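Trainee: Could you take me closely through one strand residue and its surroundings, and then set it beside the core and the ligand shell? I would like a single connected account.

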Amino acid sequence: MAKKRSVIRAKNIVIFGAMGAGKSSLINLIADKNIAQTGSNLKRCTLTWTKYTLPKLFDDEMQHNVFDTMGIENPELEPEEYHRSIKNASRLLRELDACGGTSLLIYCVQKGRDSGALRSNYQLFHEVLYRRRVPIVMVVTCLEDERIMEEWWTRNCASLEASQIVVEGHACVTTLRNEDEKYKASREVVRQLIRNHAAVAPVSGGWKHEKIGSAFKRWMGYPDPEDKKLQNKLQKDLEGQCGMKPPLALKVAKTFTYTQR
Ligand SMILES: Nc1nc2c(ncn2[C@@H]2O[C@H](COP(=O)(O)OP(=O)(O)OP(=O)(O)O)[C@@H](O)[C@H]2O)c(=O)[nH]1
Ligand SMILES: [Mg+2]
């Protein structure tokens with residue numbers, strides 16, 4: 001008997017946000033089970049990520065891949081970390097492309113956190129990495145003490161807009177399981193958010209690597225590069241690990257490198 005060919009249909013969702021904002025807890029809430037480690041307390045982040053596969057989030061054939069990212073806490077990175085971040089960003093986007101493109105960005109924000117890095121994280125993912133081409137929504141965590149969790153949004157949406165943080169949808173949640181009613185309501189509201197906003201046609205990169213580098217440089221506000229050693233190392237890595245041809249790797253490395261302060 002001829003083997004039936006099955007087409008895997010998947011939507012890729014990228015979750016980003018400050019360290020400890022509740023990203024991994026949010027993944028567990030979406031999955032309704034503990035699949036992501038929480039409370040890891042890792043310090044420096046250079047845009048690494050973990051992919052979780054949710055085969056049957058809704059009552060259809062669509063698989064959801066959720067990418068739990070560890071962003072950049074402070075744009076003033078050491079050269080090595082800066083270098084690694086660019087490579088990781090490039091790898092993340094390549095992996096997402098290989099999985100069919102990105103359908104949704106979820107910005108995870110914790111209630112009561114200082115809003116200093118709020119705009120820069122938003123910029124990095126929404127404006128720099130995705131150039132505003134992928135729908136973005138916000139999930140606010142730690143709202144179990146609110147009588148009506150949604151009221152957080154009513155109180156805070158104007159100040160988000162004033163910080164030029166504009167999202168297409170939002171959910172106000174708690175990820176705590178012992179808050180039974182609020183937990184269930186949170187799970188449903190986040191799933192609904194995904195259902196309503198994950199793009200029907202996922203966006204594939206179309207990124208030229210050198211553009212990621214210059215965009216990063218602008219985002220981080222670094223001066224122009226001169227450091228030959230770092231440039232050489234970066235060029236070698238781009239050739240070896242990212243498979244770039246030498247002339248392009250050199251061009252990219254020149255764009256990326258900057259003088260160590
Ligand atoms: N009270 C409360 N605590 C929460 C909530 N969501 C997450 N937490 C706690 O906040 C801490 C950080 O949560 P994580 O999910 O690990 O946060 P994260 O963003 O994945 O952290 P990193 O991966 O280290 O960046 C953990 O101790 C969680 O239990 C929530 O809705 N309410
Ligand atoms: Mg985490």
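Mentor: In this predicted model, a good place to begin is V140, which belongs to strand β5, residues 136-141. V140 counts as buried because 26 C-beta neighbours lie inside 10 Å, where 20 or more are required. Setting aside residues up to four places away in sequence, V140 touches V109, K111, W152, H170, C172 and V173. C108 lies 32 residues from V140 in sequence, yet the C-alpha to C-alpha distance between V140 and C108 is 6.0 Å.

From there one can turn to the nonpolar core. The largest nonpolar core has 53 residues, of which I15, L105, Y107 and V139 touch the most other members. Strand β4, residues 104-110, supplies the largest share of this core, with 6 residues. I15, leaving aside neighbours within four places in sequence, is in contact with K23, L26, I27, V66, F67, D68, T69, I106 and C108. Another core, of 7 residues, lies apart from the largest one and includes L234, L238, A249 and V252.

Helix α4, residues 151-162, is by contrast hardly covered, with 1 buried residue among its 12; Q164, which follows α4, has a positive phi, near 60°.

Finally, the ligand. The surroundings of ligand 1 comprise 20 residues, and G22, K23, S24, S25 and T38 come nearest. Helix α1, residues 23-31, gives the most to this shell, with 3 residues, and by class the shell holds 12 polar, 6 nonpolar and 2 charged residues.

Methods
Residues are numbered from 1 along each chain as its sequence is written. Chains are lettered from A and ligands numbered from 1 in the order in which they are written. This is a predicted model: local features need pLDDT of at least 70, side-chain atom pairs count only at pLDDT 80 or more; totals for chains, interfaces and linings use all residues. A residue is near a molecule or strand if its C-beta atom, placed from the backbone, lies within 6 Å of it. Helices (H or I, at least four residues) and strands (E, at least two) are DSSP runs, numbered from the N terminus. Ala, Val, Leu, Ile, Met, Phe, Trp, Tyr, Cys and Pro count as nonpolar, Asp, Glu, Lys and Arg as charged, and the others, Gly among them, as polar. Two residues are in contact if their C-beta atoms, placed from the backbone, lie within 7 Å. A nonpolar core is a set of buried Ala, Val, Leu, Ile, Met, Phe, Trp, Tyr and Cys residues joined through C-beta atoms within 7 Å.
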